[in-house]
Amino acid sequence: MRIGIIGAGQLGQMLALAGHPLALQFRFLDSSGDAPGARVAPIVVGAFDDLSALRRLAGEVDLVTYEFENVPVAALHEMAAKRPCFPPVEALRVSQDRVLEKEMFGRLGIPTPPYRAVDSRTDLDAAVAALGFPCVLKTRRLGYDGRGQRVLKRRSDVGPAWEALGSVPLILEGFVRFEREVSIVGARSTRGETRAYPVVANMHREGILRVTVAPARAPRLQRAAEGYLRCVLDHFDYAGVLTIEFFVEGGRLVANEMAPRVHNSGHWTIEGAATSQFENHLRAILGLPLGDTRAVGHSAMVNYIGRMPDRARVLALAGAHHHDYGKAARAGRKLGHCTVVARTAAERDALLARLVRLVPR
Ligand SMILES: Nc1ncnc2c1ncn2[C@@H]1O[C@H](COP(=O)(O)OP(=O)(O)O)[C@@H](O)[C@H]1O
Ligand SMILES: [Mg+2]
């Protein structure tokens, strides 16, 4: 069985690594021949909308998945006509547009921050009047790691934010004064079996995920998050792993966004759960029984952003699992991560504090 993965970044690399024990083979499609996945499986080099490259990939594999949510929907339709393709194209289409995503959450009864679609300066002024300050202006499409967004605190922020972002369709969201941010990662198989991982707590800085603590110790949130996750999975007749990011505001979940793929806040599952999100994604799209999603201890994951830490010092920490994606260093770029796993939450917290001191900020 050979699986095609659109995108050969670190998520694709970790998917292929998880598939090796299952005797699965992989081919990537990526515009760069030396993307992280190249170390694990061959890359068909081409843009995501390069029809001849897509055809080549389809010709070499039995099944197609993706690790990147900005794959053009038309390209995926092209693929889906030739080979089974999961997660479903409709989930990808909705996840690519923050307004469609929030409309979908709303229809399913999942709370979101207040929002308005913004297509003109007049729309923006009306949206600001409706939502008040502070609020967050974001591009509807193609944003990631906090790119393409501005927090508006006062009237004088509106003009410059419009100048910076206004050339594309936007969304204005009310600013959520959250107690914390959490996410849930889960899988649904082509046979309809569903499993969810424990809810995890996420810390962001400058819009980029820095630390995930798993599990988040949130029994009440777990039930609600799992309910919302199942609702979205069933809505799309989904197959694969899906992630929903939430704000916790006044003790209740407010959905921020979803990702129809394996997710950075699920990296801890490689060492910290009975079955990793990457293996469960593969099991799900192949219609195999899903693996146990329970945490095997208490974990924390720290992203390496912009600069790598001293490897020997990280490896000297007992319980630390170092992952280097092999990427060139660049400010704001995710270069690797480390997961610490311990028997108790207190031991985990102590290990996390030691790890954080080794990671350049
Ligand atoms: N409406 C909001 N209120 C408060 N904080 C927000 C809001 N939207 C985004 N943020 C902050 O910015 C981070 C990144 O925003 P997000 O919408 O998740 O975009 P991305 O696609 O870049 O991850 C969030 O995790 C959160 O910390
Ligand atoms: Mg996000």
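# A guided look at two sheets and a ligand

Visitor: In what order do the strands of the open parallel sheet come?
Guide: Welcome! This is a predicted model, and in it four strands form an open sheet with parallel pairing. The edge strands are β3 (43-45) and β4 (63-66), each pairing on one side only. Neighbouring strands here are turned by 25° against each other on average, direction ignored. The order is β3-β2-β1-β4.

Visitor: Which residue of β2 is the bridge partner of G4?
Guide: Strand β1 (residues 2-6) pairs with strand β2 (residues 25-30) in the parallel sense, over five bridges. Helix α1 (residues 10-19) packs on the sheet and touches β1 and β2, its direction making about 170° with that of β2. The bridge partner of G4 in β2 is R27.

Visitor: And which residue of β4 does I5 stand opposite?
Guide: β1 and β4 also pair in the parallel sense, over four bridges. In β4, V64 and Y66 point one way while L63 and T65 point the other, and all are buried. The residue opposite I5 is T65.

Visitor: At about what angle to β4 does helix α10 run?
Guide: Helix α10 covers residues 277-286. This helix lies across β1, β2 and β4. Its angle to β4 is about 140°.

Visitor: Let's move to the antiparallel sheet. In what order do its four strands come?
Guide: This one is an open sheet too, with antiparallel pairing. Its edge strands are β5 (115-118) and β7 (149-152), each of which pairs on one side only. From one strand to the next, the twist averages 20°. The order is β5-β8-β6-β7.

Visitor: Which residue of β8 stands opposite T139?
Guide: β6 and β8 run antiparallel and are joined by five bridges. Helix α6 (residues 121-131) lies across β5, β6, β7 and β8, at about 170° to β5. Helix α7 (residues 158-165) lies across β5, β6, β7 and β8 as well, at about 170° to β7. Opposite T139 stands L170.

Visitor: How much of the area that ligand 1 exposes when taken alone does the protein bury?
Guide: Ligand 1 is surrounded by 19 residues, the closest being K138, G146, V176, E181 and N256. Polar side-chain atoms come within 3.0 Å of a ligand nitrogen for E173, while an N or O atom in the side chain of E181 is 2.7 Å from a ligand oxygen. Taken alone, ligand 1 exposes 540 Å², and the share buried by the protein is 91%.

Visitor: Which strands each supply at least two residues of the shell around ligand 1?
Guide: Two of them belong to the antiparallel sheet, namely β6 and β8. The full set that meets this mark is β6 (135-139), β8 (170-174), β13 (240-249) and β14 (252-259).

Visitor: Why does Q222 count as buried?
Guide: Q222 lies in helix α8 (residues 219-235). Leaving aside neighbours within four places in sequence, Q222 is in contact with I184, Y197, P198 and V199. A polar atom of the Q222 side chain also lies 2.7 Å from the backbone nitrogen of V199. Buried means under 20% relative accessible area, and Q222 counts as buried because its relative accessibility is 19%.

Visitor: Which residue caps the N-terminal end of α5?
Guide: Helix α5 spans residues 98-107, and its buried residues include V99 and F105. The backbone nitrogen of V99 lies 2.8 Å from a side-chain oxygen of the capping residue. That residue is D97.

Technical notes: Residues are numbered from 1 along each chain as its sequence is written. Chains are lettered from A and ligands numbered from 1 in the order in which they are written. This is a predicted model: local features need pLDDT of at least 70, side-chain atom pairs count only at pLDDT 80 or more; totals for chains, interfaces and linings use all residues. Side-chain values use heavy atoms; hydrogens and water are left out. Buried means under 20% relative accessible area, exposed over 50%, partly exposed in between (1.4 Å probe, protein chains only). A polar contact is a pair of N or O atoms within 3.5 Å; within protein, one must be able to donate a hydrogen and the other to accept it, and residues adjacent in sequence count only if both atoms are side-chain atoms. Two strands pair if DSSP finds at least two bridges between them. Axes are lines fitted to C-alpha atoms, for helices over the stretch in contact, and angles run from 0 to 180 degrees between N-to-C directions. Contact means heavy atoms within 4.5 Å. A residue is near a molecule or strand if one of its heavy atoms lies within 4 Å of it. Accessible areas come from the Shrake-Rupley method with a 1.4 Å probe; for residues, only the protein chains shown count as cover.
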